[in-house]
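This report describes a ligand site, two sheets and some backbone details. The structure comes first, and the description follows.

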Amino acid sequence: MADTDFDLIVIGSGPGGYVAAIRAAQLGLKTACVESRETLGGTCLNVGCIPSKALLHASELFEEANHGTLAKWGVNVGKVSLDLDAMHAGRREAVDGLTGGIEFLFKKNKVEWLKGHAKFTGKDAILVAGKSYRARNYVIATGSSVTPLKGVEIDQERIVDSTGALELAKVPGHLVVIGGGVIGLELGSVWRRLGAKVTVVEFLDQILPGMDGEVRKDAARIFKKQGFEIRTSTKVTGAVAGKKGVTLTVEPAKGGDAETIEADMVLVSIGRRPNTNGLDLDKAGIKTNKQGQIEVDHDFRTGVAGIYAIGDVTPGPMLAHKAEDEGIAVAEILAGQIGIVNHEVIPSVVYTYPEIAAVGKTEEEAKAEGHEVKTGKFPMLANSRAKTNRDTDGFVKVVADARTDRVLGVHIIASVAGTMIAQAAQAMEFGATSEDIAYTCHAHPSHSEALKEAAMAVTGKPIHI
Ligand SMILES: Cc1cc2nc3c(=O)[nH]c(=O)nc-3n(C[C@H](O)[C@H](O)[C@H](O)COP(=O)(O)OP(=O)(O)OC[C@H]3O[C@@H](n4cnc5c(N)ncnc54)[C@H](O)[C@@H]3O)c2cc1C
C-alpha cells in the first residue's frame, strides 16, 4: 500500500485508543488518532470511570462526616452541609486535568489528533471532517454508549442515563435506578450518600449479574443495610415524566400484576452497547455480530487485512483496563512485536462502599466448566486491620482447582477490595496455587492478610478464625 498518510490511524481516543496510539508512536509508527469529542480520553475520562469515582470519593467524605464514625474516634465536626456545586467543580477539575493530560501525552509522543467523526470510505481510507486519510493499518476503538430501554425515554431532565446522573443539579428526593449492575449501584451510592432515597429495580433475581453467587447475596444484604431499597425479579415496562416527577410502571419479571412507583428522578443503567453506527463499516467490509460488536481473533484482527479492533466495541467485559491492555498489545503487534492479553485474568471492581472486586472464574463458572473446586473463605470481621478500622463488612473467597490447587478465581467484598484484587490478579497471571498465596508473607496489619487467610482456608488451615 503506497502513499499512506500514516502507519496507523486509531479511531477513538478512549483508554483503548489513546493507549494504542501512544504505544504505537513510542515504537516508531507514524500515528494519528481520530476523536469526535471536544476532549480526549473517551467515555472513561469524560463521562465514565473518572467523574463517577470523583463523586464516589466526595460523597463518601460527606457521608463519613455526616453519619460516619468520626465522633466515635473522637473527631467532632460541626454541622455538616453539602455544597453540591463545589462537589461538581471537583469532578470537573479531575476530568479536565486528566483529559488535558492525554492531549499533552499526544504532543509529547507526536501522535496527531484528527478532530472529527471518522467513517470508512473503503478498506484503506477514512473520511474525517471532510478530509480523506489513508493508513497502512487501522485500529477501531470507538467504545460504547448507553443502551436505551424501550418505554423509558431518556430526557436528561427527569429520566437520565449515567452521563446525566453525574450532573444532577440537586439531590433528588427519590431516585429509581433501573438496573442493579455496577454503574447503577455506584451512581445510586453517590446520590444515596448525599441524601436521596434510592430504589434499585433489577430484572434478574439478584443484583450484580455475572459476579460470584455468595458475593451477590452479601452485597445485596450490605446495600439494604445502607438504606437501598432493592426490588429484584422486577421489570420496568414504562415511564411517564411530568413536571414533578416520573411515574414508573413495573411488573414481576415472570409476569403478573403491574404497579406504579413514583420517583423524582430515574436513572436508566441497563448496560452499554458498542459504537459502530456511523462508521460505514460495510464500506470496509467489516461485519458486526448480533450484539453489534466487532469480532476479532487472538491478535485483534477483524478479518479485513490491516483493520483491527479493541476495547468496548469488541466482545468481552466493558472495562477501561481491558481496553488499555488491548491497546498496548495491538500496537506491539503492529510494530512487529508480540502483544498478548490474557483475557482469563481481567479484574473488575465495583467502587461502592465496601468495594467489590473479582478476578477469574466464579465458583459457579468453575463448576460449570467441569472443575472440581475447593474454596476458602475468610471474613473481614476476623481481619485485624478491618476490625481496628471498623470496616468489617465483607469477605475474601478463593476458588481453587481441587486437583492442582491452581487458583481459578478470587472474589472480595472489603473497603479496599479494588486495591487488594491486584495481588490476586498477579498471582493468577503467574499461575499461582492457593498454597503459593498462603505461604507468601503479607504485611501486618493489612486488609490483604484476609486474602492470605482465605488461601489458607482452601486447605482448611486459617489461623484467625
Ligand atoms: C459511569 C461509568 C463508569 C465507569 N466506571 C468504570 C470503572 O470504574 N472502571 C472501568 O474499568 N470501566 C468503567 N467504565 C467503563 C469504561 O468507561 C469503558 O470500558 C472504557 O471507556 C472503554 O474504552 P474504549 O477505549 O473501548 O472506548 P471509549 O472510552 O468509549 O472511547 C471511545 C471514543 O471513541 C469516540 N468515537 C466513537 N466513534 C467515533 C468515530 N466514528 N470517530 C471518532 N471518534 C469516535 C468516542 O467519542 C469516544 O470518545 C465506566 C463507564 C461508565 C459509563
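## Polar contacts of the ligand

A polar contact is a pair of N or O atoms within 3.5 Å. In this predicted model, an oxygen atom of the ligand lies 3.2 Å from a polar backbone atom of Leu-319. A polar backbone atom of Ala-118 is 2.9 Å from a nitrogen atom of the ligand. For Pro-15, the distance between a polar backbone atom and an oxygen atom of the ligand is 3.4 Å. The protein covers 93% of the 1,000 Å² of accessible area that the ligand has on its own.

## The shell around the ligand

The ligand is surrounded by 38 residues. Glu-35, Thr-43, Lys-53, Ala-118 and Ala-320 are the closest of them. Sorted by class, the shell holds 18 polar, 15 nonpolar and five charged residues.

Which elements each supply at least two residues of this shell? They are the helices α1 (15-26), α2 (42-47), α3 (49-67) and α9 (320-334), together with strand β2 (31-35). Helix α2 gives the most, with four residues.

## The sheet of five strands

Strands of a sheet pair through backbone hydrogen bonds, either parallel or antiparallel. One open sheet has five strands with parallel pairing, in the order β8-β15-β9-β10-β11. Its edge strands, β8 (159-160) and β11 (229-231), each pair on one side only.

Within this sheet, β9 (residues 174-178) and β10 (residues 197-201) run parallel and are joined by five bridges. Ile-178 has Val-201 in β10 as its bridge partner. Helix α6 (residues 182-193) packs on the sheet, where α6 touches β9, β10 and β15 (265-268). The direction of α6 makes about 165° with that of β10.

## The sheet of three strands

Another open sheet has three strands in the order β12-β13-β14, and the pairing here is antiparallel. Why is one side of β12 and of β14 left without a neighbour in the sheet? Strands β12 (234-241) and β14 (259-263) stand at the edges and have a single partner strand each, so one side of each is left without a neighbour. On average, neighbouring strands of this sheet are turned by 30° against each other, direction ignored.

Seven bridges connect β12 and β13 in the antiparallel sense. Lys-235 stands opposite Glu-251 in β13. A hairpin of four residues leads from β12 to β13. On the other pairing, β13 (residues 246-252) and β14 are antiparallel over five bridges. Here Thr-247 stands opposite Glu-262 in β14.

## Cis peptide bonds and a positive phi

Where are the cis peptide bonds that lead into Pro-354 and Pro-445? Tyr-353 and Pro-354 are joined by a cis peptide bond with omega about -5°, and Pro-354 lies in the loop between β18 (348-350) and β19 (355-360). The peptide bond from His-444 to Pro-445 is also cis, with omega near -5°. Pro-445 belongs to the loop between the helices α13 (434-438) and α14 (449-458).

Ala-129 is a residue other than glycine with a positive phi, near 45°. Ala-129 is placed in the loop between β5 (125-128) and β6 (131-140).

How values were computed. Residues are numbered from 1 along each chain as its sequence is written. This is a predicted model: local features need pLDDT of at least 70, side-chain atom pairs count only at pLDDT 80 or more; totals for chains, interfaces and linings use all residues. Side-chain values use heavy atoms; hydrogens and water are left out. A residue is near a molecule or strand if one of its heavy atoms lies within 4 Å of it. A polar contact is a pair of N or O atoms within 3.5 Å; within protein, one must be able to donate a hydrogen and the other to accept it, and residues adjacent in sequence count only if both atoms are side-chain atoms. Accessible areas come from the Shrake-Rupley method with a 1.4 Å probe; for residues, only the protein chains shown count as cover. Ala, Val, Leu, Ile, Met, Phe, Trp, Tyr, Cys and Pro count as nonpolar, Asp, Glu, Lys and Arg as charged, and the others, Gly among them, as polar. Two strands pair if DSSP finds at least two bridges between them. Axes are lines fitted to C-alpha atoms, for helices over the stretch in contact, and angles run from 0 to 180 degrees between N-to-C directions. Contact means heavy atoms within 4.5 Å.
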